[in-house]
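Trainee: Hey, I've got a structure open and no clue where to begin. Can we go through it together?
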Amino acid sequence: MRSYEGYIFDLDGTIYLGETLLPGARELIEALRASGKRTIFLSNNPTKSPQDYADKLTRLGIPTSIDDVINTVVATVEWLQKNASGKKIFAIAESPLIDAIKGAGFEITEDPEQIDIVIASFDRDFHWRKFQIAFDALWYYKRATLIATNPDQFCPMPGGRGEVDTGPVIAALEACTGVKCEANVGKPNKLMIDLVMQKSNLSVKDCVMVGDRLYTDIAMGHAAGMDSALVFTGETTPEILAGASDSDRPTYALNNIYELISAIS
Ligand SMILES: [Mg+2]
């Protein structure tokens, strides 16, 4: 294993599970920072703002500034600014994402005749009224485009449990409308890595993407042309990795992130 200038970490299943840091996470981050390495945290979870994540990491013992966190709240706003200027938005989403979309100057509407973009997201208040509004905009008025914050089926939780995530919301909307989701903003889309590269003076070749999922974290590394490290502390088991095709494999496979310490120089 070689050393890198930038270490980009997934959070759930990589740095922590629920409210508990995974073994060696704090020690590794401290050692990387002491060696002058940049540590950046990415999450596909749009139910919290970057400040919420910075506060959580700091509370758990990894002091972190908002500048070192990017999640799908940031990436979704970035995507809308690039691709949907002036469009009217309906987001099946929790308040951090909705507030960020409004804050960027976009109009949010619940009128299906006005909606240009339906955003499927991780929404623990996804109920029939929202479902019907999205259905009317996508199927009846045939005017809206469907996009999603992230493709994850569930978010890993302590004890091997999971919390239902955005994937099933996308599937429900696609199933009832026949409309395909046109864009996924989160991992494996490399948009968040592009944002990290824009905000830092790092280059793709000087960074490694570290995460617990092949189809989001590791796939994003591949999409960006970045080395990757898979950890077995979240969703992926050695058995799942053994069944993966060569093109889906990470550069490194680790029992936990602390194993990255062997290559700090
Ligand atoms: Mg994860």
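Mentor: Sure, start with the parts list: the protein has 9 helices and 15 strands. Those are DSSP runs, with helices being H or I over at least four residues and strands being E over at least two, numbered from the N terminus. Keep in mind that this is a predicted model, where local features need pLDDT of at least 70, side-chain atom pairs count only at pLDDT 80 or more, and totals for chains, interfaces and linings use all residues. Residues are numbered from 1 along each chain as its sequence is written.

Trainee: Okay. What does the C-alpha trace span along its principal axes?
Mentor: About 60 × 40 × 30 Å. The radius of gyration is 19 Å, which agrees with the value near 18 Å for a compact globule of 265 residues. That radius is taken over C-alpha atoms, and the globule rule is 2.2 Å times the number of residues to the power 0.38.

Trainee: How much of the protein counts as buried?
Mentor: Of its 265 residues, 45% do. Buried here means 20 or more other C-beta atoms within 10 Å of a residue's own, exposed means 12 or fewer, and partly exposed is in between, with C-beta atoms placed from the backbone.

Trainee: And what about contacts between residues far apart in sequence?
Mentor: Take the contacts between residues at least 6 apart in sequence: 68% of them join residues at least 24 apart. Two residues are in contact if their C-beta atoms, placed from the backbone, lie within 7 Å.

Trainee: Helices next. At what angle do α3 and α7 pack?
Mentor: Helix α3 (residues 72–83) and α7 pack at about 90 degrees, and their axes are 10 Å apart. That makes α3 roughly perpendicular to α7. The axes are lines fitted to C-alpha atoms, for helices over the stretch in contact, and the angles run from 0 to 180 degrees between N-to-C directions. For the wording, under 35 degrees counts as roughly parallel, over 145 as roughly antiparallel, 65 to 115 as roughly perpendicular and the rest as oblique.

Trainee: Which residues meet there?
Mentor: From α3 you have Val 74, Ala 75, Glu 78 and Trp 79, and they meet Leu 191, Met 192 and Leu 195 in α7. By class, that contact has 6 nonpolar, no polar and 1 charged residues. Ala, Val, Leu, Ile, Met, Phe, Trp, Tyr, Cys and Pro count as nonpolar, Asp, Glu, Lys and Arg as charged, and the others, Gly among them, as polar.

Trainee: How do α3 and α4 cross?
Mentor: Roughly at 35 degrees, and the axes of α3 and helix α4 (residues 95–103) come within 9 Å. The crossing is right-handed, meaning the near helix is turned clockwise from the far one by less than a right angle; anticlockwise would be left-handed. Val 73, Thr 76, Val 77 and Leu 80 of α3 make the contact with Pro 96, Leu 97, Ala 100 and Ile 101 of α4. That contact has 7 nonpolar, 1 polar and no charged residues.

Trainee: What about α5 and α6?
Mentor: Helix α5 (residues 128–140) packs against helix α6 (residues 167–177) at about 50 degrees, with axes 10 Å apart. The two are therefore oblique to each other. Their crossing is right-handed as well. The contact includes Phe 131 and Trp 139 of α5, and Ala 172 and Cys 176 of α6.

Trainee: New topic: which residues does a cis peptide bond join?
Mentor: Lys 187 and Pro 188, with omega about 10 degrees. Pro 188 sits in the loop between β12 (183–184) and α7. Most residues other than glycine have a negative phi, and most peptide bonds are trans.

Trainee: Where's Lys 142, and what is its phi?
Mentor: Lys 142 is in the loop between α5 and β9 (145–148). Its phi is positive, about 50 degrees, although Lys 142 is not a glycine.

Trainee: Is Lys 142 buried or exposed?
Mentor: Lys 142 is exposed, because it has 10 other C-beta atoms within 10 Å.

Trainee: Last one: is Asn 45 buried or exposed?
Mentor: Buried, because Asn 45 has 26 other C-beta atoms within 10 Å. Asn 45 is in the loop between β4 (38–43) and α2 (50–59). Leaving out residues up to four places away in sequence, Asn 45 touches Asp 12, Asn 71, Thr 72, Phe 122 and Cys 155.
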